[in-house]
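Here is a short briefing on one protein chain. Look over the sequence and the structure, then read the points below.

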Amino acid sequence: MATSWTQAEGRQKLSRVMHGAESFKGSAAATFSTTTFSLSSLAAYPDSYFNDWHGRVYAGPLIGTNFSVDSFEQDFGPTFIKGYFTIKPVQSAAFQVGDFIELHQEYSPQEMDDAINLALSLVENEALEDHMDDSLVGIESTFEYQLPQAFAYIDEIYQMNDDGTLGGKNKLDIRWWSILPGGVLWFNRDFFKPSSNRKFRIIGQKYPQQLTKDDDISSVNQAYVLLQAKSNLHLARSDEPGDDQDKAMLRSQALADRERAKLLVPGRGPKVAF
């Protein structure tokens, strides 16, 4: 079974595998202002070391906030605050102890997120993920239902008992239903009549989802995603065929293609077309 990972985990790993790029993460050591915080774990680095680096809060009250480092000081002020950062732009609220921060030297968080999502979109028809939904509720004498948008294929459908449980006779024969254009679930009234207020359990597959938040989860093979995203980043920085970025892109792409060959998950059941 594939191991799930979050957008933040994928981005932080991608930063570490990029050639010549450094990255760090840690939690703010104290509550400061909308433009300052400290990471005492980085106090060993010299003044100005992190200037112009890219940053993001990946957990905590300011989760999802991007910034760039304006200045860094080993020791700040009369109390010698360790690892003191001044950032821009001004944030919506002051940094707090619960804010977990990542720092990247070369690539911005947005660049890396875009590269990861492009890697996911390239295999949306290959890396299908299992999906289940219980949101549809039966209505007597109603034989067409709009399916939830996430589904790519439908494998099994059950009508649950009044108490929300499943029994041995709840599975609906595939001859009793079909998928119409527009993502509509249709029941053949000659074989099945939905019962009011009883939920349907729909089991199938979904396409890999785009990751938009730090805690969004994907189960697509991470080795493929990191290598393909790495290739995407090198391609974006290449100026002409044969330069260093182009060569790095080709090496990463070859490795990504090897991992991609392992991804194929065939669709099960009728395909859903919205």
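The points below go from the whole chain to its cores, one helix and one loop residue.

This is a predicted model. The protein chain has 274 residues, and 44% of them count as buried. Its secondary structure comes to four helices and 14 strands.

**Overall form**

- The radius of gyration of the protein chain is 25 Å, whereas a compact globule of 274 residues would have one near 19 Å.
- Along the principal axes, the C-alpha atoms fill a box of roughly 80 × 45 × 30 Å.
- Take the contacts in the protein chain with a separation of 6 or more: 75% of them join residues 24 or more positions apart.

**Surface and charge**

- The protein chain exposes about 14000 Å². Carbon and sulfur atoms supply 52% of that area.
- There are 26 positive and 37 negative side chains. The centres of these two sets lie 7 Å apart.

**Nonpolar cores**

- In soluble globular proteins, nonpolar side chains tend to be buried together.
- The largest nonpolar core here has 20 residues. Those with the most contacts inside it are Leu 14, Ile 116, Val 220, Tyr 224, Val 225 and Leu 233.
- Two elements give two or more residues to this core: helix H2 (109–122) and helix H3 (222–237).
- Another core, of 17 residues, lies apart from it. Its members include Phe 50, Leu 62, Phe 67 and Leu 103.
- What does Leu 233 touch, not counting residues up to four places away in sequence? Its partners are Leu 14, Met 18, Tyr 107, Glu 111, Met 112 and Ala 115.

**Helix H1**

- Helix H1 covers residues 7–17. Its buried residues are Gln 7, Ala 8, Gly 10, Arg 11, Gln 12, Leu 14 and Ser 15.
- Which elements do the buried residues of H1 pack against? The strands are E1 (5–6), E2 (23–27), E4 (54–59) and E7, and the helices are H2 and H3.
- Leu 14 links two of these topics: it is one of the buried residues of H1, and it is among the residues with the most contacts inside the largest nonpolar core.

**Gln 91, a loop residue**

- Gln 91 sits in the loop between strand E6 (81–88) and strand E7 (100–104).
- Is Gln 91 buried or exposed? Gln 91 counts as buried because its relative accessible area is 10%, and buried means under 20%.
- Not counting residues up to four places away in sequence, Gln 91 touches Thr 34, Thr 65, Asn 66 and Phe 67.
- One of these partners, Phe 67, is also a member of the core of 17 residues.

Methods: Residues numbered from 1 in each chain as written. Predicted model: local features only at pLDDT ≥ 70, side-chain atom pairs only at ≥ 80, totals over all residues. Heavy atoms only, no water. Rg over C-alpha atoms; globule rule 2.2 N^0.38 Å. Buried < 20%, exposed > 50% of the residue type's maximum accessible area, 1.4 Å probe, protein only. Contact = heavy atoms within 4.5 Å. Areas by Shrake-Rupley, 256 points an atom, 1.4 Å probe, with all protein chains shown as cover. Lys, Arg positive; Asp, Glu negative; His and termini not counted. Charge placed at Lys NZ, Arg CZ, Asp CG, Glu CD. Core = buried A, V, L, I, M, F, W, Y, C linked by side-chain atoms within 4.5 Å.
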